[in-house]
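Please follow this walk through the model from its overall outline to its interior, and then to a few individual residues.

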Amino acid sequence: MGKQSRDWAQICAIYGLDDWETPLFLFVNGVGFSILSLLFLLYFESICFLFQQFLPGSAATRFAAGFTGSVTALTAVCLFFAAGNFFYSAVALHWEMSQRIVSTIPDWSIVKQALDLGCGRGILLNAVAMQLKKSGSSGRVVGLSPTRAHFHGPTPARTLETARIEGVQEYVTCRPGDPRSLPFSDGYFDVVVSSVFVHRVGKEFGEKTAAAAAERMRVLSEAVRVLKPGGVGVFWDVVHAPEYARRLSEMKMEEVAVSERVTAFMAGSHIVSFRKPRHLPGTVAEVSVDWRFSNLC
């Protein structure tokens, strides 16, 4: 399955880290709370004396100081864990889940056109390209780089640079576009994949709103539209994956499957896979902003 045996340092050196501010913020706060809890330990008696100004009795002040110090230490542990999980999810887990995604396609040699929605740093994009190269396919994979201002990520040039480093640049194209209105004709791709991207669509309306849910459904509808009959879609995402599976079933997709839960970015994530029927009755319905999945957000 291509270059699977990699440590996190090698992956990070090639692809970098998206949203590095979040794990850094968590880590710095973890350090701050660790220092604070250490001060509680070293100067416990002095802190108890300070607490006596507000609480009556020696037992109450010692309990309050000890409890506060314990909560401070526990908060530091939680912050370090969250920082580690964000870093692991963005690097090692992202690579691992990308390998799982490409493994769902039984024969890459017959794939001529593939699409990675929200290609980001190119981890999944290049995993697809590696499979095309390994299978001897003449196909190509297109990475869609979102154009809207609220999507922050590497430039297409930076993403293509990672493909060059991986030695698969001849299999990769990266182009800007809106995932809610894909710049491709109907039935253009054999495979459509995506990793931890769709949940970000519609956040400008508020993450738990009906409008945001409707925007995510528009992305799914577009993915189905550009898939060839018989084509396969595989999406890894956090929080909303069961919602995608229900929508895909309503759209009469075949072989809709949801993987086991994997914790990523401190939330539950799943891989959702499906196949577009070779004979799909009717057309994919337009998704309106009053989508009824609002109660599932």
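**From a turn between strands to the core**

A useful place to enter this predicted model is Phe 265, which lies in the loop between E7 and E8. The phi of Phe 265 is near 55°, a positive value in a residue other than glycine, and its side of the loop is neither fully covered nor fully open, since Phe 265 is partly exposed with a relative accessible area of 25%. Met 266 lies in the loop between E7 and E8 as well, and its phi, near 60°, is again positive in a residue other than glycine. With a relative accessible area of 41%, Met 266 is likewise partly exposed.

Stepping back to the whole, the protein chain has eight helices and eight strands, and its C-alpha trace spans about 80 × 45 × 35 Å along the principal axes. Of its 297 residues, 47% count as buried, while the chain exposes about 14,100 Å², of which carbon and sulfur atoms supply 61%. Among the contacts between residues at least 6 apart in sequence, 80% join residues at least 24 apart. The charges can be summarised in a similar way, for the mean positions of the 29 positive and 26 negative charges are 3 Å apart.

The interior comes next. In soluble globular proteins, nonpolar side chains tend to be buried together. Here the largest nonpolar core has 40 residues, of which Trp 108, Val 128, Val 141 and Trp 236 touch the most other members. The elements that give two or more residues to this core are the helices H1 (8–15), H4 (58–103) and H5 (123–135), together with the strands E3 (172–177), E4 (189–195), E5 (227–238), E7 (262–264) and E8 (267–275). Helix H5 gives the most, with eight residues. Val 128 shows how such a member is placed: leaving aside residues up to four places away in sequence, Val 128 touches Val 102, Trp 108, Ala 114, Val 141 and Val 193. A second, separate core of 27 residues includes Leu 144, Leu 182, Leu 220 and Ala 223.

Why can H5 be described as largely enclosed by the rest of the structure? Ten of its 13 residues are buried, and the description follows from that count; the buried positions are Ile 123, Leu 124, Leu 125, Asn 126, Ala 127, Val 128, Ala 129, Met 130, Gln 131 and Leu 132. The length of H5 can be checked too, because at 1.5 Å a residue its 13 residues should span 18 Å, and the end C-alpha atoms are 19 Å apart, which agrees. H5 is followed by Gly 136, whose phi is positive, near 80°.

One residue of H5, Met 130, also leads to Arg 6, since Arg 6 touches Ile 11, Ile 14, Tyr 15, Trp 95, Met 130 and Glu 166, not counting residues up to four places away in sequence. Arg 6 is found in the segment before H1, and at 16% relative accessibility this charged residue counts as buried, the cut-off being under 20%. For a sense of distance across the model, the C-alpha atoms of Arg 6 and Phe 184, which are 178 residues apart along the chain, are separated by 34 Å.

Methods:
Residues are numbered from 1 along each chain as its sequence is written. This is a predicted model: local features need pLDDT of at least 70, side-chain atom pairs count only at pLDDT 80 or more; totals for chains, interfaces and linings use all residues. Side-chain values use heavy atoms; hydrogens and water are left out. A nonpolar core is a set of buried Ala, Val, Leu, Ile, Met, Phe, Trp, Tyr and Cys residues joined through side-chain atoms within 4.5 Å. Buried means under 20% relative accessible area, exposed over 50%, partly exposed in between (1.4 Å probe, protein chains only). Helices (H or I, at least four residues) and strands (E, at least two) are DSSP runs, numbered from the N terminus. Contact means heavy atoms within 4.5 Å. The expected span of a helix is 1.5 Å times one less than its number of residues. Accessible areas come from the Shrake-Rupley method with a 1.4 Å probe; for residues, only the protein chains shown count as cover. Lys and Arg count as positive and Asp and Glu as negative; His and the chain ends are not counted. The place of a charge is taken as NZ of Lys, CZ of Arg, CG of Asp or CD of Glu.
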